[in-house]
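Reader: I've got a model open and I'd like to practise reading strands and ligand sites. Can you walk me through it?

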Amino acid sequence: MATLVFDAAVLSRKDDIPPQFVWPADEAPSVHGVEEIAVPVVHIAGFLAGDGAATGGLRDLAAACEKHGFFQVVNHGVDPALLAKAYRCCDAFYALPLAEKQRAQRRLGENHGYAGSFVGRFGSKLPWKETMSFNCSAAPEGARKVVDYFVAVLGEEYRDMGEVWQEYCDEMTRLALDVTDVLAACLGLGRGALRGFFAGDASLMRLNHSPPCQQPHLTLGTGPHHDPTSLTLLHQDDVGGLEVFTGGAWRAVRPRGDAFVVNIGDTFSALTNGRHISCLHRAVVNSSLARRSLTFFLNPQLDRPVAPPAELLAIDGRPRAYPDFTWREFLEFTQKHYRSDWRTLDAFAAWINQGRKG
Ligand SMILES: *[C@@H]1O[C@H](CO)[C@@H](O)[C@H](O)[C@H]1NC(C)=O
Ligand SMILES: *[C@@H]1O[C@H](CO)[C@@H](O)[C@H](O)[C@H]1NC(C)=O
Ligand SMILES: O=C(O)CCC(=O)C(=O)O
């Protein structure tokens with residue numbers, strides 16, 4: 001298979017983008033732009049303090065989770081200085097010469113490392129971006145995981161960068177678990193009802209960088225997909241570009257510096273017996289500005305059975321929507337059998353129900 005190397009500095013100046021990056025007309029972004037989506041904004045600190053105004057918004061939030069699974073969180077307690085530091089580290093990493101970034105090269109079948117050359121990806125429609133991904137976990141043995149990873153793959157000079165991402169990931173896990181409390185309330189469960197499910201989490205952090213693109217309407221920074229993961233906390237820079245497919249149309253999520261965009265992933269949807277929805281989303285690119293987004297994916301421990309809490313099934317009264325599975329199995333399924341699209345969870349459930357063959 002031919003290796004195409006994603007060299008941001010070269011590609012961003014090309015008047016005609018290589019054909020591998022050209023998406024079919026029915027998937028390419030509209031030249032006219034799209035309408036914005038108004039998603040609920042949850043005040044995390046207020047909710048945790050039991051503030052009536054914050055908890056009053058839960059009805060809108062529950063409705064959004066049952067319709068498309070996207071919302072934003074503010075008053076989330078993440079220090080703006082940490083976020084600024086994270087973007088500086090993101091820029092510093094992507095500004096490195098290609099060969100330096102490739103020292104962290106992500107290998108086929110792995111979920112961590114630098115990906116800029118898209119060897120072995122499903123399909124030929126390549127996203128206009130480079131990514132750097134790494135594991136993180138709030139489990140005691142995960143406390144130094146991020147720093148250790150940066151030092152191990154890139155060297156001692158990257159310890160400070162690793163420290164920033166360690167701190168950022170620690171904050172993301174804290175915030176993601178706070179968000180599970182809000183979602184538990186939406187589901188009629190007690191506070192903390194979903195936290196235990198994520199003990200010993202196998203979470204993932206990904207830094208996305210889409211350089212400027214001279215033909216932004218032919219390509220996508222991130223193709224349409226569902227997140228197979230549990231909860232995604234995304235911060236996009238002020239260039240914007242994140243879009244959600246809901247009500248039969250793509251809609252843009254306007255960037256908001258003080259907010260994280262949260263979306264429900266397939267695994268969380270299964271945990272709620274299908275009550276909360278995982279929705280198709282993508283990102284478009286810009287002709288004059290590089291676009292960056294920082295995505296944190298909360299995942300349970302690899303071998304913990306994903307099954308709705310008994311209390312939820314009792315409230316819900318509906319039969320089980322999905323068979324029991326583990327995150328390890330689902331992750332492997334998305335890596336080996338099936339790219340993440342809108343049918344992944346159903347295809348996976350069918351594969352389990354047919355005896356996990358193939
Ligand atoms: C990262 O986590 C995945 C599972 O979530 C695991 O398969 C992989 O080996 C881990 N990699 C590192 C470098 O810790
Ligand atoms: C690029 O970003 C700027 C600033 O956010 C915006 O005004 C412009 O419309 C964007 N262009 C494209 C092609 O997305
Ligand atoms: O490019 C983006 O900001 C979207 C990222 C995303 O959806 C993902 O990494 O799953």
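**Strand pairing and a ligand shell**

Author: Sure. Start with one residue pair: Val244 has Arg251 in β9 as its bridge partner. Keep in mind that this is a predicted model.

Reader: How many bridges link β8 and β9, and in which sense do they pair?

Author: Four bridges, and the pairing is antiparallel. β8 covers residues 242–246, and β9 covers residues 249–252.

Reader: What joins the two strands, and what should I look at in the turn?

Author: They make a hairpin with two residues between them. Check the backbone of Gly247 in that turn: its phi is positive, about 60°.

Reader: Which other strand does β8 join?

Author: That would be β11, residues 281–283, antiparallel to β8 and joined to it by three bridges. Look for Leu242, which sits opposite Ala283 of β11.

Reader: How should I think about side chains in a strand, and is β8 mostly covered or open?

Author: In general, side chains of a regular strand alternate between the two sheet faces. As for β8, it is mostly covered, with four of its five residues buried; buried here means under 20% relative accessible area.

Reader: On to the ligand. Which residues surround ligand 2?

Author: Pro216, Val285, Asn286, Ser287 and Leu289. By type, this shell has three nonpolar residues, two polar ones and no charged ones.

Reader: Where is there a polar atom pair to inspect?

Author: Go to Asn286: a polar atom of its side chain is 2.2 Å from an oxygen atom of ligand 2. On its own, ligand 2 has 360 Å² of accessible area, and the protein covers 46% of that.

Conventions. Residues are numbered from 1 along each chain as its sequence is written. Chains are lettered from A and ligands numbered from 1 in the order in which they are written. This is a predicted model: local features need pLDDT of at least 70, side-chain atom pairs count only at pLDDT 80 or more; totals for chains, interfaces and linings use all residues. Side-chain values use heavy atoms; hydrogens and water are left out. Buried means under 20% relative accessible area, exposed over 50%, partly exposed in between (1.4 Å probe, protein chains only). Two strands pair if DSSP finds at least two bridges between them. A residue is near a molecule or strand if one of its heavy atoms lies within 4 Å of it. A polar contact is a pair of N or O atoms within 3.5 Å; within protein, one must be able to donate a hydrogen and the other to accept it, and residues adjacent in sequence count only if both atoms are side-chain atoms. Accessible areas come from the Shrake-Rupley method with a 1.4 Å probe; for residues, only the protein chains shown count as cover. Ala, Val, Leu, Ile, Met, Phe, Trp, Tyr, Cys and Pro count as nonpolar, Asp, Glu, Lys and Arg as charged, and the others, Gly among them, as polar.
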